Every structure is written in C-alpha cells, then in structure tokens.
Amino acid sequence: MLTGTFSTFEYCVVPQLVSMCANSKNIGEAGTVSRAIGLLDNVAKTTTAFFALLSASVLPRRGFNGNRPLKRRGGITKTRAHPTIKPLEIFHKPIALLVFCFSKSCPTLLVVSLVMFALAARELLAAEDPVDPKRLVVMIEATSPVGKPVAGAGLVVGVTADGQALIVTARHVIYSTPEQPNRLAVRYLDKPAQLVPAQLEKADFGTDLDLAVIVAPLPEQLAGLDFANGLPVGRLTDDFAIEEPASLIGQTEAGKWSTTTNAQKITADQGDTVRVQSFEAGPGVSGGIAKDSSDRVIGIALSDDQYVISVLKLSVIETQLRSAGFVFAIIQGPKKDLASDAELELRLRAALSSAQSSALRVAPPNARAVSIVNHLLDQDETLSAFVQKFRSTEAMAWFSRLIESGFDPNRLASLDSGRQRSLLYFALQANNVPMAITLLNKGASPYVYEELWGQENSQPLLMFPLNWLEELSATQDEKAALVRAMIEAGLTVPDIDPPATGYTNEQMDGLKSQAANFATRFGIVIPVQNSIRHPANDTICKRFSEIDNYDWCKDASALPGNLKGLSDGWLAEFTSADLVALLSVVNDTMFVLTYSGWGGTAYPGYGLMEIAKNGDSIVWYRYMGSAFGMGHCEELRGVSNWKPNSYETCWKRQKMIRDQPGGEYHVRGYDSVRYQPN
C-alpha cells in the first residue's frame, strides 16, 4: 500500500513542483513557495494514506481523536475532551516538502520545509500543555466603603467578548455591607506583584446564593490558554465520596495562593455544596478553590463554620453563569491514575533513601514529584536517610532539577523533636556539604532557620550561622566552598558595636572574629551590612525579591529602625529594640535581627522579629529567664513531667499587632501595652 501511495504522490505532485523549481531563477520569486504549498493542499486527499502511515511512524501510539491521550510532564496519561487535532492536518505540508526535496534537488524548499516542520511541532506541543488550575486562582484585595481591608480569592472561568477575565467569587468578599460593593483589585499568579483593578458585573443569583462575578484585565500569560475550546481542569460530573481528600487554595496566614495539604477531606455532599473539613484554612480562602486529588476544581469556598468549609460546586456555578448569559470555559478534567501515584511514591522513596543511580533514573524530579517528595520528607526515616545519603554529583544534579521543578529550597521539616527547622539545618547537621551548597545555590537562605520558642541555645544558627562552620566535620576546601556559597546567598556580618561589657558584646565579637578568621584562612571577606534601612550589601532582600517576584527590599527599607515601649511595668526584656539586619524570608515572613540595650533589670541582648509581609503583625523573641505569662521553657518545648519551680533560660516571645499602617503596635491580648515605631 505504501508503494502505491508514494507512486501516486510522485507522479501527480512532484512533476509540477519540479516545473516550478525549473522555471524560477529564485525559488522565492513569483510566489513559487506559496503555489507549491497550495498544490499540496489540493492533492491532500490523494495522499492521505501516505501521510497517515508516515505520521504513525513519526508519532507512534498518540491516539489522536476527539478524546486524545495526553502525556503530562509527570508521565500520567490522561484524556480530555478537545476538538480533533490530527497529525495529517499539522504535518502534511512539511512532510510533503521533505519527501519531495529528498527525491528532487530543491534546497530552498528543503529549508522551508524544516522551518514549517518545527512550527508544526511547536503547535502540537502547545496543544498538549496541561493547565495548572492554580494559575486560574486570583487573589482579591478589596476595600470596604468604610476603608476596611477585605481579603479573598476568585476563579477565572472564562474570557468576556472584550477580552477581560471573567472571575467568580463569594459574594461576601464583594459586599461588606448590603448597600454598596467594595472597591476591588486582583492579583494573578503569573504576575503576583501587580495589583489590577477589577469591576463588579451585574448578575442576579438570588439572595440565598453567595456568588458574584467580577471582571479584570486578562494578563498576557493567561491569554494564551485555550478558553475557546475549554480548559479541562474541572470536576463537573463525578460523584463525591465521604472522606475523599481535598485541598484549598486561597490566601491565609501561610500567604497568598497558599495551598492546604491533602489532609483535608470531604465530610458531606449537600446537593449544591460539599463540606470540606480543614484545620488550615481561614477567612482569606473565601472565593478560592477546592480541588480534588486529581487537581480538578471542585468549586469555590464560601463560609467557614468551625473548621468546615462550605464549597459551592463548580457544576452549580456553570449552570448559574450560563443562565445569566455569561461564558463558562472550564470543562471536565481527567481523573488521575492513583495507582501510578502510588508507584511513583515507592520509586521516590527509594531514590530519597538510597541515592543510588538505578533508583534516581526511574524517579524523574519533575513537578509531579514535588508534592510526593514533600510528603515523604515529613517522615522521619526518609528525611534522615535523605540528608545522610544524598551527596553524590548525580544525586545533587537530580536534587537541583527537583528544586527547578518547584521544590522549596527553604522548606521546613522536623525530625524527632517535632521542632521546625530548614533542610539546610539538617544538611549541616549531617555534615552534608554538597547538599548544603546545592540548597544555597538554588535559593536557600544562609541564615539557618530554626524555631526559637523554648530553645535553650543562646546563639541560634538563624542569627549566628558562622558558629556551625567552626564545628563542621569537613575539609578546608569544603568549608571554603560553603562560605562562598553562603556569601553568594546573602550572608553578611552586622555592623553593630554593643556595649563593651556583657555577653552580648562577646557574641558579636565572636561573630566578627570568626568572619576575620575565615578571611584569613580562605581569603574570603564576608560583607558588612551597615543598616537595615540602608542595605548596601544586603543580597537577602534582592535574592528573595527575585525568587518571590516581590519587592522585599522595599518592605525592608520601610521597616522602623526602632520600637520603643510606651507602657510602664511591662517585661523588661521587651522594653525596646533596634532593628539591625534582615536575615531571611520564610513563608512570606521577614526575619529580622534586633538588639535591645539595658532595660531596667534586663541585660542587653540580641533578639529576633518575625514580621508579616504587610508589617501589621510581629512576633518578637528574646532569650530570657522566667517571667509571668511567658511560659516555662520545658513546657514550651513539649517536655513531659517538667518541674515548674526550676529556673530555665530560653527563647520566649510576645505577639504584637497594629490597627493601621504606620501606627502603634500593641501586644495581642494587652491593648494597653503599646510600642511606638521610630
């Protein structure tokens, strides 16, 4: 059959193309190429069998039809409803030109055919690219008629006739009062730093349905999605099972676009809504999405009732919008092969625990693997083996690709004690220099995060990271490489001279002598950071600004230089503090080194402040002894059978909030205990 088909093609098509080539001195003259391509279109029917066979050899087992299998980045085969895309339609012109040019001498057409083939391949790959539903979630930042900020989220469900994003959300996010809507703006995941104005669309869904529609300019990153043919990210038809896992995306204390774990579960199907039990979500998730384990949108979150979120089903939203004359571009998405997930988890567990080449080769470090690796590293046995054994060059190349696929290099984990610490902490604890350098090179902060509350160590790595390097069991070359990586990641020495007496002076003198020692031994000078308000050498804010696509340097420079207590009779350790240096950014929170001078009976000392992204809340840590209301150190660490009468010194904290930007802070629960920012 192939021979007969080629004969038809050769004798019907090639002579006319040869004639065109022969009669044209320049192949680009007189529209020769366009006429040749037009000829190919005219004879497409007579060459269908040939192209079909050739396409089958070039693109085996693709199954192109109305419900075509797709190969996701993670390797799952899925099916989605989509208009027919046939390789014949995409590739028949470049294939025909290639066959012709190999049989006859026509070099210019050969170049043209290769270019056409590349463009056709790009078109096919673009059609194959799956959509991450998280990209369709917008963060809504509203202001009520009385000036109160309102946080929520929404879901892009289509594009209007004039090219704007059509967004559904909970009505109570739009209306703080029944009479007048809030002033609206949204952020898109593809451009999180840009706040875009939004407008309310008129729609009557009745007084009982907590649903509203808004429109906002569509970013160019989303404009390329195939809204016309439908985005297969929805769950519109499948029944829901009790105890079925689900997760929520919105804005909570964990930050914008925060995603709850799959520990959340569906507790009831109530017809138009499902109820999702969640101990992680909060008010900011209103209007955000609930999705199932196949990453399909279940619906949008409405009310929060004692850790149970009411979710309006996507199928109900579709019915309401279509009845009101709106477009709706989300279609049914495929269900994951959960057995494949289980198999991948086994492979990833073996890779993380052994770092053997054979295990790494069958566990690709792609976007699909990231969530599974996060789950596995929550297990003590896997985490311990990972930080101990993942050292080889091949293992570090694998780990680098995992980070590039979305794994957080500043990820926190816990081992044995249950205290949260960074992976960099565990890598250094295991003397795993290759892993530590890889983490630093890929975006980890050199200030080794560890939870301070209740800890006894007066010089934590989060504030004095050079301490660890002196005790690290590594060669001089390894230590030198590690110091260089830490400097590149933003390590500095604060330029502060505390009083010449007391332990605080010894701490800073020790830090500066260590920095000088490293410079002497390795010829490495650690930069000095002169002030948080003038971060001339502060690469921390620059680094995290690039990672998060958010201007942390602007936020750092806007911080007060000092907080001074205005209330008498409060804890002496929390009288006042100078903000010295930005150390790190973890989970949208700035970690700032502070210094407090003499305060009544309290000695001078360094402290730490966790400052929220908008600066409205602060958690302030001081290393101190017993004090009323601050808790006992062993109790804070979760130690059982502790003795309440024993004297302990450890890190303790107080939480502070402010009512308006630039205003005074007060201790949470003690409105009269106030601090003036200077």
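How much area does the protein expose, and what share of it do carbon and sulfur atoms supply? In this predicted model, the protein exposes about 31200 Å², and carbon and sulfur atoms supply 51% of that area. The chain comprises 678 residues, of which 51% are buried. Its secondary structure consists of 22 helices and 30 strands. Among the contacts with a separation of 6 or more, 63% are accounted for by residues 24 or more positions apart.

From these totals, the description turns to individual strands. Strand β6 spans residues 185-188, and both of its faces are covered. On one side lie Ala185 and Arg187, on the other Val186 and Tyr188, and all of these residues are buried. A residue counts as buried when its relative accessible area is under 20%.

Strand β6 has pairing partners in β3 and β7. With strand β3, residues 137-143, the pairing is antiparallel and extends over three bridges; here Met139 has Arg187 of β6 as its bridge partner. Arg187 is thus a residue of β6 that is both buried and bridged to Met139. With strand β7, residues 191-197, β6 again pairs in the antiparallel sense over three bridges. The connection between β6 and β7 is a hairpin of two residues, and Tyr188 is bridged to Lys191 of β7.

A further set of antiparallel strands involves β13, β14 and β17. Strand β13, residues 265-269, is joined to strand β14, residues 273-277, by four bridges, and the two run antiparallel. Asp269 stands opposite Val274 of β14. The hairpin of β13 and β14 has three residues between the strands, and within this hairpin Gly271 adopts a positive phi near 90°. Strand β14 also pairs with strand β17, residues 308-313, in the antiparallel sense, over five bridges. Val274 recurs in this second pairing, where its bridge partner in β17 is Val311.

The final topic is enclosed space. Rolling a probe the size of a water molecule over the atoms shows where empty space is left. A search of the whole structure yields four cavities of 30 Å³ or more. The second largest cavity has a volume of about 60 Å³. Its lining includes Pro409, Asn410, Leu412, Ser422 and Leu424, together with Ala444, Ser445, Tyr447, Val448 and Tyr449, and also Ser584 and Val586. By residue class, the lining of the second largest cavity comprises eight nonpolar and four polar residues, with no charged residue.

Key:
Residues are numbered from 1 along each chain as its sequence is written. This is a predicted model: local features need pLDDT of at least 70, side-chain atom pairs count only at pLDDT 80 or more; totals for chains, interfaces and linings use all residues. Side-chain values use heavy atoms; hydrogens and water are left out. Buried means under 20% relative accessible area, exposed over 50%, partly exposed in between (1.4 Å probe, protein chains only). Two strands pair if DSSP finds at least two bridges between them. On a 1 Å grid over the protein atoms alone, a cavity is a set of points where a 1.4 Å probe fits but cannot get out, and a pocket is an open set with protein on both sides within 12 Å along at least five of seven lines; lining residues have an atom within 4 Å of a point. Grid points are joined across faces, edges and corners, and a volume is the space filled by probe spheres set on the points. Ala, Val, Leu, Ile, Met, Phe, Trp, Tyr, Cys and Pro count as nonpolar, Asp, Glu, Lys and Arg as charged, and the others, Gly among them, as polar. Contact means heavy atoms within 4.5 Å. Accessible areas come from the Shrake-Rupley method with a 1.4 Å probe; for residues, only the protein chains shown count as cover.
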